[in-house]
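Here is a report on the fold shown below. It starts with strand order, then turns to helices, domains and one residue in a loop.

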Amino acid sequence: MEYWGGTLGYRSMKCSARVRSLRGSATLAVTARAKALRAAGRDVIGFGAGEPDFDTPGFVKTAASESLAAGHTKYAPTPGSPDLRTAIADRMRTHNRIECGPEHVVVTVGAKHAAFEVMQCLVDPGDEVVVVTPAWLSYRPMIELAGGVVVECPAAIRDGFKIEPAALEAAMSDRTVAVILNSPCNPTGVCYTPDELAGLARVIASHPTATLVSDEIYEDLTYPEMAGGVGPFSPGSLPELRERTVTLNGLSKSMAMTGWRIGWAVAPGDDGAIAKAMTRLQSQMTSGIATFLMPAACEAIRRQPETSGPMRIVFAERARLVADLLDGIARFDTVPPSGAFYAFPDVSRCFGLTSPGGRMIDSAGSFAEALLEEKEVAVVPGDDFGDVARNHIRLSFACSEDQIRAGVGRIREWVDALA
Ligand SMILES: Cc1ncc(COP(=O)(O)O)c(C=O)c1O
């Protein structure tokens, strides 16, 4: 029998092997460390958190209060209320051009839980899931918890953090059950063009056992005004993949509603077979999101452009600012972000050098740790985003322009002083 061991204080309780080998989220760890330093009076600038610094719109809060007052406090249907599933399906049809109906929608506790459930529903032990990396660090544990094998398809910085169809073809096999794409991408900030996505879609379509999982949580945060920038595009709208795409989305990023925990999956293929499977699974897990949030979520979806439009403009300006400032750090290599709110510079030219505080920098982890201790700037080391991401750090620019200027200014000063 395996036990927790001493660090958590429990000596007699068993912890499953599955969970013992699970790593906690590095981004949440950095955010917590930055918060602790701030609480101790240190002037920390945080580039760690993956959440907009905007408040949830007042009309959504009002809708939630009214819904609560109206007594929407009992159990609701597991995949979401008919109104909410209809609102989501309508949006996915008109905005994303995905042919679907309410019966193909499952509302989940954030997009994270949608991704988790999809992996549980698609993956059997030994099945392979191709993940284009650098990738959001939660995909790997989700796949592995389902017994699957992660096959990384690396998109290196020299290729603009994008893969070609041939690379995807090489990563796929007859054991591939899913391919995960995330455009705009966390952590690179890169977006694929519709043509590029169509090329990748053709490869997936030629493998009859593979499903595309398209994580579009940042779809409203694209910056066509940046070099290489394009608007959003849903590969699930392509006829060859309609039957075999699960599209993930939610309100966390585009509506500044990270704490509300509202996401969804849309899976029209096979008569909604995956949506039905997810609903069955969810009925044994969370039973769904809080009932009184459902009318508020409808309101958020109905009035989404009012919020995400202006927010997008602010983020586009920040993307430009971050790209310009990072360009001024000679030891960094960066692809300008054209979506989401992340930049992902390669910092490997700092390796082998010593910091002003006497620390040896030999990895993204030691870089991030020394930067936080010596300059009070929090960034996330790239390691957990995939093998190809090890030499990188992630900066989230979900903070004010003043903070961006001050924070990147500190980074530059510190990097220039490495010797
Ligand atoms: C790529 C990606 N997908 C999904 C999520 C999860 O979003 P939610 O907060 O709605 O669970 C995140 C959050 O950081 C993300 O970056």
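In this predicted model, seven strands form an open sheet with mixed pairing. The strand order is S2-S8-S7-S6-S5-S3-S4. Strand S2 (105-108) and strand S4 (149-154) stand at the edges. Each has a single partner strand, so one side of each is left without a neighbour in the sheet. From one strand to the next, the twist averages 20°.

**Pairings across the sheets**

The table lists three pairings from the seven-stranded sheet and one from a second sheet, which is described further on.

| Strand pair | Sense | Bridges | One partner pair |
|---|---|---|---|
| S2 and S8 | antiparallel | four bridges | Val107 and Trp264 |
| S3 (residues 128-133) and S5 (residues 176-181) | parallel | four bridges | Val129 and Ala178 |
| S5 and S6 (residues 211-215) | parallel | four bridges | Val179 and Leu212 |
| S9 and S14 (residues 393-396) | antiparallel | two bridges | Ala343 and Leu395 |

Take S5 next. Is S5 largely enclosed by the rest of the structure, or left open? Six of the six residues of S5 are buried, so this strand is largely enclosed. Strand S5 runs parallel to S3 and also pairs in the parallel sense with S6. Val179 links these two pairings: Val179 is the bridge partner of Val130, and Val179 also stands opposite Leu212 in S6.

Now the edge strand S2. Both faces of S2 are covered. Val105 and Val107 are buried on one side. Val106 and Thr108 are buried on the other. Val107 also has a bridge partner in S8, Trp264.

**Helices across the sheet**

Which strands does helix H4 lie across? Helix H4 (residues 82-94) lies across S2, strand S7 (245-250) and strand S8 (263-266). Its direction is at about 115° to S2. Helix H9 (residues 269-283) also lies across S2, S7 and S8. H9 runs at about 25° to S2.

**Two domains and their contact**

The domain assignment splits the chain into domain 1 (7-55 + 306-416) and domain 2 (74-303). Domain 1 is therefore given as two segments, and domain 2 as one. The centres of the two domains, taken over C-alpha atoms, are separated by 25 Å. Their contact takes 40 residues from domain 1 and 38 residues from domain 2.

Which elements supply the side of domain 1 that touches domain 2? Helix H2 (26-39), helix H11 (304-327) and strand S9 (342-343) each supply at least two residues. H11 gives the most, with eight residues. By class, this side of domain 1 has 18 nonpolar, ten polar and twelve charged residues.

**The second sheet and Phe344**

Three strands form another open sheet, with antiparallel pairing and the order S9-S14-S13. Its edge strands are S9 and strand S13 (380-381), and each pairs on one side only. Strand S9 runs antiparallel to S14. Ala343 has Leu395 as its bridge partner in S14.

Phe344 sits in the loop between S9 and strand S10 (353-354). Is Phe344 buried or exposed? Phe344 has 25 C-beta neighbours inside 10 Å, so it counts as buried; the cut-off is 20 or more. Which residues does Phe344 touch, leaving out those up to four places away in sequence? They are Pro134, Pro187, Thr188, Gly189, His392 and Arg394. Thr209 lies 135 residues from Phe344 along the chain, and their C-alpha atoms are separated by 33 Å.

**The chain as a whole**

The secondary structure comes to 13 helices and 14 strands. The C-alpha atoms fill a box of roughly 60 × 60 × 55 Å, taken along the principal axes. Why does the radius of gyration agree with a compact globule? With 419 residues, such a globule would have a radius of gyration near 22 Å; the chain has 21 Å, so the two agree.

Buried residues make up 52% of the 419 residues. Among contacts with a separation of 6 or more, 70% join residues 24 or more positions apart.

Terms used
Residues are numbered from 1 along each chain as its sequence is written. This is a predicted model: local features need pLDDT of at least 70, side-chain atom pairs count only at pLDDT 80 or more; totals for chains, interfaces and linings use all residues. Two strands pair if DSSP finds at least two bridges between them. Axes are lines fitted to C-alpha atoms, for helices over the stretch in contact, and angles run from 0 to 180 degrees between N-to-C directions. Two residues are in contact if their C-beta atoms, placed from the backbone, lie within 7 Å. Ala, Val, Leu, Ile, Met, Phe, Trp, Tyr, Cys and Pro count as nonpolar, Asp, Glu, Lys and Arg as charged, and the others, Gly among them, as polar. The radius of gyration is taken over C-alpha atoms; the globule rule is 2.2 Å times the number of residues to the power 0.38. A residue is buried if 20 or more other C-beta atoms lie within 10 Å of its own, exposed if 12 or fewer, and partly exposed in between; C-beta atoms are placed from the backbone.
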